[in-house]
Amino acid sequence: MIADEASLAAAVAAFAAGSGPVAVDAERASGYRYGQRAYLVQLRREGAGSALIDPVACPDLSALGAALSDAEWVLHAATQDLPCLREIGMVPTRLFDTELAGRLAGFPRVGLGAMVEGVLGYVLEKGHSAVDWSTRPLPEPWLRYAALDVELLVDLRDALEKELDRQGKLDWAHQEFHAIASAPPPEPRKDPWRRTSGMHKVRRRRQLGVVRELWEARDRIARRRDVSPGKVLSDAAIVEAALSLPANAHALAALTGFGHRMGRRQLEQWQAAVDRAKALSESQLPQPGQPVTGPPPPRAWADKDPAAAARLSAARSAVSALAEELNMPQENLIAPDAVRRVCWEPPAADPEAVTTALAGYGARPWQVEQVAPVLAAALADKGE
């Protein structure tokens, strides 16, 4: 475990002097800690060996990121790890995503263990994927498990590159990898409280106000204590309180999720949040549903616009058939949102117009080339 500046400097020098791609992985403490920060970073490169770095003890890894700026980074499910790596100064300019490569190549199971076993014939040690990586010191078996995540990643990359090349999909993969590496950090989510599990049960604006107040109170406590929000109060308890609108802490205590283990002080702080929502004026209450950008949910299309629903059905069938022919998941062939948008407000039913529309919705050139003709044909078939 590299946990001091001297060891880190030695690792930076070793990896800078290494050759070829660098395998990179990160472990978070999802479900245990607040946020998605990295609690362990694993790397392996030819000529440098493997390194396990403690980003709690060494929170600034920008020197390591700079030393590897010209290298291709090999990650598995890159979009999961890039945000926490970016926080500590590690941002790739080029990458190879072995999970995405597996999807494009048509592998039915694309988890790292399944890919390593199916492609390379090795079985990785299992059993520590859901542990609390914020634990210090990290037990030796956990460290061995973490090191194995990068042990064969470059070998897997090389095998997948050959397979993608054999299938004529290597350029497609490079376009996808470039899109991931060049994507800006995502915008903060608007009204994150609306993602509370069970929200579909909450209909009235006053109840929505209770969900918002409880969610925000829970978030403040979880952030301060650095624990997962679900360990402070469950989503189910928030929804239960919103539906019941308890009159006082005693009534709150009778609800599921606020049981006998919760102290009086805790009950009172949650009841205070409920009372704040009750005291809001009508104009201060949240509106039901979020402002919709783009098409409505597909289930509503048949009522709102039957012609659009027919276009979407034809387009989905065409995309599904093409994805099967190309041996890859539909969502990797083209984003479902792009298909919905084209069908809701269709351009002229010719490949050139559909090409322009798809590119405007962020489709990569290879996706446009494959999908535009079949989408144009589906739109034309429905009289557009």
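Begin the tour by selecting Glu268, which has a relative accessible area of 40% and therefore counts as partly exposed. This residue is found in helix H13, which runs over residues 264–279. Next, add Ala253 to the selection: Glu268 and Ala253 are 15 residues apart in sequence, and their C-alpha atoms are 9.7 Å apart in space. Please keep in mind throughout that this is a predicted model.

**The whole chain**

Now zoom out and display the protein chain as a cartoon. The chain has 19 helices and 5 strands. Its C-alpha atoms fill a box of roughly 65 × 65 × 35 Å, taken along the principal axes. Of the 384 residues, 45% count as buried. If a surface is displayed, the exposed area is about 19,200 Å², and carbon and sulfur atoms supply 50% of it. Consider also the contacts with a separation of 6 or more: residues 24 or more positions apart account for 64% of them.

**Helix H3 and its surroundings**

Select helix H3, residues 78–87. Which of its residues are buried? The buried residues of H3 are Ala78, Asp81, Leu82, Cys84 and Leu85. A general point helps in reading such a list: an α-helix has 3.6 residues a turn, so residues three or four places apart point the same way. To see what covers the buried residues of H3, display its neighbours, which include strand E1 (19–28), strand E2 (38–46), strand E4 (72–75), strand E5 (94–97) and helix H8. Then move just past the end of H3 to Gly89, where phi is positive, at about 95°.

**The cavity**

Remain in this region and look for enclosed space. The count comes to 1 cavity of 30 Å³ or more. About 40 Å³ of space lies in the largest cavity. Which residues should be selected to outline the largest cavity? Its lining consists of Leu82, Arg86, Val91, Pro92, Ile180, Ala181 and Ala183. By class, this lining has 6 nonpolar residues, no polar residues and 1 charged residue. Helix H3 and helix H8 (170–182) each supply at least two residues of the lining. Leu82 therefore deserves a second look, as a residue that lines the cavity and is also among the buried residues of H3.

**The aromatic rings**

Next, display the side chains of the aromatic residues. A search of the whole structure finds 5 aromatic pairs. Centre the view on Trp133 and Trp142: their ring centres are 5.8 Å apart and their planes meet at 65°, so the pair is edge-to-face. Trp133 and Trp142 are both buried. Add Tyr145 to the selection, since ring pairs link Trp133, Trp142 and Tyr145 into a cluster.

Trp142 itself lies in helix H6, residues 140–151. Its relative accessibility is 15%, so Trp142 counts as buried, the cut-off being under 20%. Leaving aside residues up to four places away in sequence, Trp142 touches His128, Val131, Asp132, Trp133 and Thr135. Select Ser129 as well: it is 13 residues from Trp142 along the chain, and the two C-alpha atoms are separated by 8.9 Å.

Now travel to Trp301 and Trp344, which form a tilted aromatic pair with 4.8 Å from centre to centre and 50° between the planes. Trp301 lies in helix H14 (residues 301–304) and Trp344 in helix H17 (residues 336–344), so the pair ties together parts that are 43 residues apart in sequence. Are these two residues buried or partly exposed? Trp301 has 0% relative accessibility and counts as buried, whereas Trp344, at 22%, counts as partly exposed.

**Three points on the backbone**

Finish with the backbone, starting at Pro137 in the loop between helix H5 (112–120) and H6. A cis peptide bond joins Arg136 and Pro137, with omega at about -5°.

Then select Asp226, in the loop between helix H9 (205–225) and helix H10 (229–232). Phi of Asp226 is near 55°, a positive value in a residue other than glycine. Asp226 is partly exposed, with a relative accessible area of 25%.

The last stop is Asn327, in the loop between helix H15 (306–326) and helix H16 (330–333). Asn327 is not a glycine, yet it has a positive phi of about 60°. At 40% relative accessibility, Asn327 counts as partly exposed.

Note on methods: Residues numbered from 1 in each chain as written. Predicted model: local features only at pLDDT ≥ 70, side-chain atom pairs only at ≥ 80, totals over all residues. Heavy atoms only, no water. 1 Å grid on protein atoms, 1.4 Å probe; cavity = no way out; pocket = protein on both sides within 12 Å on 5 of 7 lines; lining within 4 Å. Points joined across faces, edges and corners; volume = space filled by probe spheres on them. Helix = DSSP H or I, 4+ residues; strand = E, 2+ residues; numbered from the N terminus. Nonpolar A, V, L, I, M, F, W, Y, C, P; charged D, E, K, R; others polar. Buried < 20%, exposed > 50% of the residue type's maximum accessible area, 1.4 Å probe, protein only. Contact = heavy atoms within 4.5 Å. Areas by Shrake-Rupley, 256 points an atom, 1.4 Å probe, with all protein chains shown as cover. Phe/Tyr/Trp six-rings, centres within 6.5 Å; stacked < 30°, edge-to-face > 60°.
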